[in-house]
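Colleague: I am new to this model and would like to get to know it through one part. Please pick a helix, look at it closely, and then show me how the rest fits around it.

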Amino acid sequence: MTFPRLRQLVIASETTDTIDTLKTVFALGEPFPDPGVAEFGLVNGVFAIGDQFLEVVVPTVETAPAARFMTRGGPGGYMAIFEIDDMEQARARAERLGIRRVWDIDLKDISASHLHPADIGGAIVSLDQPRPAGAWRWGGPDWQANSTPGKLTGAVLVSPDPMRLMARWCAALDVPGGGAGVKLADDGRLTFIQGQTERLIAFEMSLPDMGGILARAREADLEVEDQSVWIAGIELRLTEA
């Protein structure tokens, strides 16, 4: 396995109804409610898709960072989490680049560092090294049993200066950039496009029964256009698995 690999994408929402809607519309398994996110003033639900994860976080206090994020720009794409293979090297690289780490944890089965969104731009980036590789504490102890088929294939970020934003993400992740995008392990990708704000605006997903998903999204009165569904401020761009 090569790294970095996109393992988890996170939506900040104003309501836990988003968790229920995702489960129903996208035919996902049982979400894991991680009690550890209470540290950040949140409740959440984490869905396993293949061996990757889609998370919804909902603030429980006005001072939560996710609450401040939504005050600035509304609900939407909040965090991208990448599996890496050398945490010591990643932390040293962030320090050399002047990127602050806002949270570090070192447990027996995983180490993680959150990079300050003001230093990297667009969203919080988390660098995570599970032990063994491929494990994922944040998905819960039974994530394999609750996983549904599919894959997270990428994320799209918008910025007034997308090339500068891409350069910051490439430096933090230690990957080359080319054109408007960044190639990740396992055919993942990050795309950077022009826009008025700096934000994570879309998640790209490959899922079975795309037609059924789009039909259920319309029944739930979600915004649907072509192969995209909008929920809690984020565009979920679908391809058929």
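**Helix H6 and its surroundings**

Modeller: Happily! In helix H6, the buried residues are Pro162, Leu165, Met166, Arg168, Trp169, Cys170, Ala172 and Leu173. Buried means under 20% relative accessible area, exposed means over 50%, and partly exposed is in between, using a 1.4 Å probe and protein chains only. Helices (H or I, at least four residues) and strands (E, at least two) are DSSP runs, numbered from the N terminus.

A word on the source: this is a predicted model, in which local features need pLDDT of at least 70 and side-chain atom pairs count only at pLDDT 80 or more, while totals for chains, interfaces and linings use all residues. Residues are numbered from 1 along each chain as its sequence is written, and side-chain values use heavy atoms, with hydrogens and water left out.

Back to H6. Its 12 residues should span 16 Å at 1.5 Å a residue, and the end C-alpha atoms are indeed 16 Å apart, which agrees; the expected span is 1.5 Å times one less than the number of residues. Just after the helix, aspartate 174 has a positive phi of about 60 degrees.

What does H6 contribute to? The largest nonpolar core has 54 residues, and those touching the most other members are Leu22, Phe26, Phe82, Trp169, Leu173, Leu190 and Leu238. H6 (residues 162-173) gives the most to this core, with six residues. A nonpolar core here is a set of buried Ala, Val, Leu, Ile, Met, Phe, Trp, Tyr and Cys residues joined through side-chain atoms within 4.5 Å. Leucine 173 is a good place to look around: leaving out residues up to four places away in sequence, it touches Pro4, Phe82, Arg93, Val125, Leu127, Leu184 and Leu190. Contact means heavy atoms within 4.5 Å. Apart from the largest core lies another, of 23 residues, among them Val10, Ala67, Ile81 and Ile124.

Ala67 leads us to a second helix. In H2 (residues 65-73), Ala66, Ala67, Phe69 and Met70 are buried. Seen down the helix axis, these residues fall within an arc of 155 degrees, so they line one face of H2; the arc is that of the directions from the helix axis to the C-beta atoms. An α-helix has 3.6 residues a turn, so residues three or four places apart point the same way. Thr71 and Arg72, on the other side of H2, are exposed. The buried residues of H2 pack against strands S1 (5-12), S2 (42-49), S3, S4 (76-83) and S12 (199-207). After H2 comes glycine 74, with a positive phi near 85 degrees.

Val125 and Leu127, which leucine 173 touches, are also among the contacts of serine 113. Serine 113 sits in strand S6 (residues 110-115) and counts as buried at 1% relative accessibility. Its side chain makes polar contacts with the side chains of arginine 91, at 2.7 Å, and aspartate 104, at 2.5 Å. A polar contact is a pair of N or O atoms within 3.5 Å; within protein, one must be able to donate a hydrogen and the other to accept it, and residues adjacent in sequence count only if both atoms are side-chain atoms.

Finally, the rings. The whole structure holds seven aromatic pairs. Rings of Phe, Tyr and Trp (its six-membered ring) pair if their centres lie within 6.5 Å; planes under 30 degrees apart count as stacked, over 60 as edge-to-face and the rest as tilted. The ring centres of phenylalanine 53 and tryptophan 143 are 5.1 Å apart and their planes meet at 80 degrees, so this pair is edge-to-face. Phenylalanine 53 is in strand S3 (residues 52-59) and tryptophan 143 in helix H5 (residues 143-146), so the pair ties together parts 90 residues apart in sequence. Both residues, phenylalanine 53 and tryptophan 143, are buried. Phenylalanine 69 and tyrosine 78 also pair, with centres 5.1 Å apart and planes at 65 degrees, so they too are edge-to-face. Tyrosine 78 is buried at 8% relative accessibility. Elsewhere, ring pairs join Phe40, Trp103 and Trp138 into a cluster.
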